[in-house]
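Visitor: Could you walk me through what is packed inside this protein?
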Amino acid sequence: MVPDIEKIKQVIGYEFNDKALLRCGLTHRSYSAENNLSYDNQRLEFLGDAVLEIILSEYLFKRYPEAQEGKMTKMRSAMVQQDALAKLSRKIDLGKFFIIGKGEKETGGCDRDSSLADLFESLTGALYLDAGLERTKQFIIPLIEEVFPEPTQLLSTLNPKGDLQEFARRQWNCPPEYSIIKTTGPDHSPRYLVNVFIAVPNISASGEAGNRKQAESEAARKLLQMITQK
């Protein structure tokens, strides 16, 4: 069943003038493939990524007037990481508006970090085209401030592979091992599912992303989170 995307105005506080643009922003490529559609949200993801960079650059520049370029760059990088964007999506329950294929939905695509991060970017791109930059800021900035009240705390998430490597060396003297579980999607836009494994004490986690390096980072982040919780 296709979600009622009109209700998204209650979430983002804005009613789209171009309903076709909104639908495109919420449509996953799997749904387009299953229904022979000529559109999906991948191009809007590209645009949304750039729009977020502009908005966050200005936000950090104004919030931290004494911060050097390097620190602001690192904070911005942390705020657009897959897990950070997925948190923003979950905060507004964006997944319930996802127009996604049956197969993808059955495998948890509506709540997958990678899919939710891409969805947030594509919605941002669509909102920018329909309403302009200032209105997009009015949506993004309050959400950022609510979910990440202190962006500097995100700096610790920038290098999960390095952090995991160092922790495993100190704790068990056993390095993490990464392997690709599977690759899905078309050749021009593959998705990588990667597993990270530490033989001692026999723990592992998996991560998915649009390239192998990012998928490895996501797997390392999840394993670090698992270790911390234990």
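Visitor: Leaving aside neighbours within four places in sequence, which residues is Phe16 in contact with?

Guide: This is a predicted model, in which local features need pLDDT of at least 70 and side-chain atom pairs count only at pLDDT 80 or more, while totals for chains, interfaces and linings use all residues. Residues are numbered from 1 along each chain as its sequence is written, and side-chain values use heavy atoms, with hydrogens and water left out. Taking contact to mean heavy atoms within 4.5 Å, the partners of Phe16 are Leu21, Leu22, Leu123, Ala126, Leu127 and Asp130.

Visitor: How many residues does the largest nonpolar core have?

Guide: Such a core is a set of buried Ala, Val, Leu, Ile, Met, Phe, Trp, Tyr and Cys residues joined through side-chain atoms within 4.5 Å, where buried means under 20% relative accessible area, exposed over 50% and partly exposed in between, with a 1.4 Å probe and protein chains only. Phe16, Phe120 and Phe139 have the most contacts inside the largest core, whose residues number 46.

Visitor: What is the angle between the planes of Phe167 and Trp172?

Guide: Rings of Phe, Tyr and Trp (its six-membered ring) pair if their centres lie within 6.5 Å, and planes under 30 degrees apart count as stacked, over 60 as edge-to-face and the rest as tilted. Phe167 and Trp172 lie 5.5 Å apart, centre to centre, and form an edge-to-face pair with an angle between the planes of 80°.

Visitor: Why does Trp172 count as partly exposed?

Guide: Its ring partner Phe167 is partly exposed, with a relative accessible area of 23%. Trp172 counts as partly exposed because its relative accessibility is 25%.
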